[in-house]
Amino acid sequence: MLLTLLKVTFFFAVVLAAALGAMYLAEHGEPLLVQFNGVEYTLGPVQAAIAAVVALFLAWLAVQVLRLVLAFLRFLAGDRTAIHRYFDRTRERRGYQALAEGMLAVASGEGRLAQDHAKRAAKYLDQPHLTNLLAAQAAETAGDATHAEQVYRAMLADNRTRFVGIRGLMQQRLVMGDTETALRLAEKAYAIKPTNAGLQDTLLTLQTRAHDWKGARSTLKDKRKQGALPKDVAIRRDAVLALQEASEVLAHGNSISAREAAISANKASPDLVPAAVLAARSYLAQKDTRNASRLLQKAWGAQPHPSLAAAYAEIVPDETPAQRMRRFEDLIRQNPDHEESRLLRAELALAAEDFPAARRALGDIADTHPTVRSIAIMAAVERGSGADDSVVRGWLARAMNASRGPQWVCDNCHNIMAEWSPVCDSCHGFDTLTWREPPVDSRMAMAGNGVEMLPLIVGRPRHAPDTAGAHEDQTLAEVSPSLPAPKPQRPAPRPVRPGMVERDSDYEPSSTVTHREKPADRKPRREVARAEPSAPGMTGPERQAPDAQAAAAGAVPQPSVDPAPAAAEAPTVVTVEVINPAAGEPPVRPDVEPLTSPGQEMR
């Protein structure tokens, strides 16, 4: 705004000065006498000024004509002239336009169109470091890996594009799965630009996948120096790499170096459980039980883990259960309220056959956070306390769909691994495994959880009287509280014992009719006599018939069927007689034996 005002003011000042000067010359100026070829010309002041301006213009015009003539002569001689510069500017404008359109085509995913624009840009522009880059990206977008590789190899000859070419070839090898060649290319690219953050991450990942722990530690050290990683994260990852390096050194037989590396890794990251276990075993190999105990107790205070308890048990392997329980108090005292500490105390009490102490140590974990481990401990406590078999089987039945508890789970892909590793087997992420409970998969939630098997597993109490039906219902509700209340879906069923499932034989016999006429009453050819079976947790005589063994195995007794009569008989009738079972008939799985409604007929 101010600059525009100054320009306008200067213009008016120049016009005003010229007008005043012309007026002054017109009033006071002397005439100008010009003689040319014997002729005298008299010019006034204004006329003289105009004549001067015209003379200057003619001189400028003459100079321009002379320059044009000289340029034309140089053009004929083959020298670059303004005409060349004009055409060069035109080609450059078209080239940059094609380059911009090609970049837009690459961004929009139009590979073929981007390749066409890249060819036009290479035709009009003499800048291969730009046009080759566009050509490589366009070829990758179009899926032409061969042409892209050729362009990347051509970029290696120019120092300005050498890093881009090596990185492009590395990315191609990664896509192809050739990690060995990609690692060598990454190392070359890292030597050119060691400060590239993306290349550092790629190189570190490739080094860990190739088990080059020494090179990975060097790359991690450079990242820490450049401030690309927080200090605590860099220290932990260096401890992870040192631990894995110590493990491989130990596998090759160099135990002294492995011990030193393991102890160093544990000092750098005390909460790293595998490092603590390996360092403790290194102390045990040196007969240094005091430092091993102190190290494991410190690690237990940071992160309780079953591997730490196993290593702590190796300190004194031949002690009695009571002695071990007293010695483990020093370990449990480091983190007494943790769930792992309570489970460990309960397991030690079970080993010492102190079942009341095991029940007190376990508390309500089996109810508030049921896992396979806690439920198994509770079942062992019930068994050791002399509880009924149905109670023990009830606890074991709950373990069918219980969580397995904390495991080594990848934070990136939720992959579950049996043992700790610095690299995930699924996504190849580095230092992504944490000891936690995995999330519930939706497929597992939708699948069958085995609750329908609970009546077969639980049974009924061994010494309960047959008349105490209400007491049996209450016992079954306590043993398997997750069972829904049964809803009668068929009319007038016979009484069924608690823990059993209704059978087809609890209803009236059904017949299958193959003719529209009502069949005549026919007597079955054989009668099937059944004795009362004996199931686990039930009273009754022992079955001796072969059908009893089949029923105990979950099979369905085959009914007697009359063979078809001769062709001369008018209606062909097949009567199926269902034998009414005794009161103690073993339970039937509804998902195995189909249920038929009473009086159902098939025509």
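This passage walks through the overall make-up of the protein, its salt bridges, a charged surface patch and a few individual residues.

The structure is a predicted model. It holds 26 helices and 9 strands. Of its 603 residues, 33% count as buried. The accessible surface comes to about 36800 Å², and carbon and sulfur atoms account for 57% of that. As for how the chain meets itself, take the contacts with a separation of 6 or more: 52% of them are between residues 24 or more positions apart.

Salt bridges come next. A search of the whole structure turns up 21 of them. Side chains of opposite charge can pair when their charged atoms come close. One such pair is Arg-373 and Glu-347, whose side chains meet at 2.8 Å, N to O. This pair links distant parts of the chain, with Arg-373 in helix H21 and Glu-347 in helix H18, 26 residues apart. Arg-373 has a relative accessible area of 24%, so it is partly exposed, and Glu-347, at 30%, also counts as partly exposed.

Helix H18 supplies a partner to another bridge, between Arg-342 and Asp-364, where the closest N and O atoms are 3.7 Å apart. Here too distant parts of the chain are linked: Arg-342 sits in H18, while Asp-364 is in the loop between H19 and helix H20 (365–368), 22 residues away. Arg-342 is partly exposed at 26% relative accessible area, and Asp-364 is partly exposed at 42%.

A bridge within a single helix is found in H6 (residues 145–155), where Glu-149 and Arg-153 lie 4 residues apart, about one turn of the helix. Their closest N and O atoms are 3.1 Å apart. Glu-149 counts as partly exposed at 21% relative accessibility; the cut-off for buried is under 20%, so Glu-149 falls outside that class. Arg-153 is partly exposed as well, at 46%.

On the surface, Arg-91, Arg-93, Arg-94, Arg-120 and Lys-123 form a positive patch. Helix H3 (82–108) and helix H4 (111–124) are the elements that give two or more residues to this patch. The largest share, 3 residues, comes from H3. Arg-94 belongs to helix H3, and with 43% relative accessibility it counts as partly exposed.

Back in helix H21 (residues 372–384) is Val-381. With 0% relative accessibility, Val-381 counts as buried. Leaving aside residues up to four places away in sequence, Val-381 touches Leu-350, Phe-355, Ala-358 and Arg-359. The C-alpha atoms of Val-381 and Arg-359 are separated by 6.6 Å, although the two residues are 22 apart along the chain. Ser-293, in helix H14 (residues 289–302), is another buried residue, at 15% relative accessibility. Its contacts, with the same sequence neighbours set aside, are Tyr-312 and Ile-315.

Backbone angles round off the picture. Most residues other than glycine have a negative phi. His-211 has a positive phi of about 60° despite not being a glycine, and it lies in the loop between helix H9 (197–209) and helix H10 (213–225). Glu-353 likewise has a positive phi of about 60° without being a glycine; its place is the loop between helix H18 (339–351) and helix H19 (355–362). His-211 is partly exposed at 46% relative accessibility, whereas Glu-353 is exposed, with a relative accessible area of 60%.

Conventions:
Residues are numbered from 1 along each chain as its sequence is written. This is a predicted model: local features need pLDDT of at least 70, side-chain atom pairs count only at pLDDT 80 or more; totals for chains, interfaces and linings use all residues. Side-chain values use heavy atoms; hydrogens and water are left out. Patches are made of residues with over 30% relative accessible area and no salt bridge: like charges are joined within 9 Å, nonpolar side chains (Val, Leu, Ile, Met, Phe, Trp, Tyr) within 5 Å. Accessible areas come from the Shrake-Rupley method with a 1.4 Å probe; for residues, only the protein chains shown count as cover. A salt bridge is a side-chain nitrogen of Lys or Arg within 4 Å of a carboxyl oxygen of Asp or Glu. Lys and Arg count as positive and Asp and Glu as negative; His and the chain ends are not counted. The place of a charge is taken as NZ of Lys, CZ of Arg, CG of Asp or CD of Glu. Buried means under 20% relative accessible area, exposed over 50%, partly exposed in between (1.4 Å probe, protein chains only). Contact means heavy atoms within 4.5 Å.
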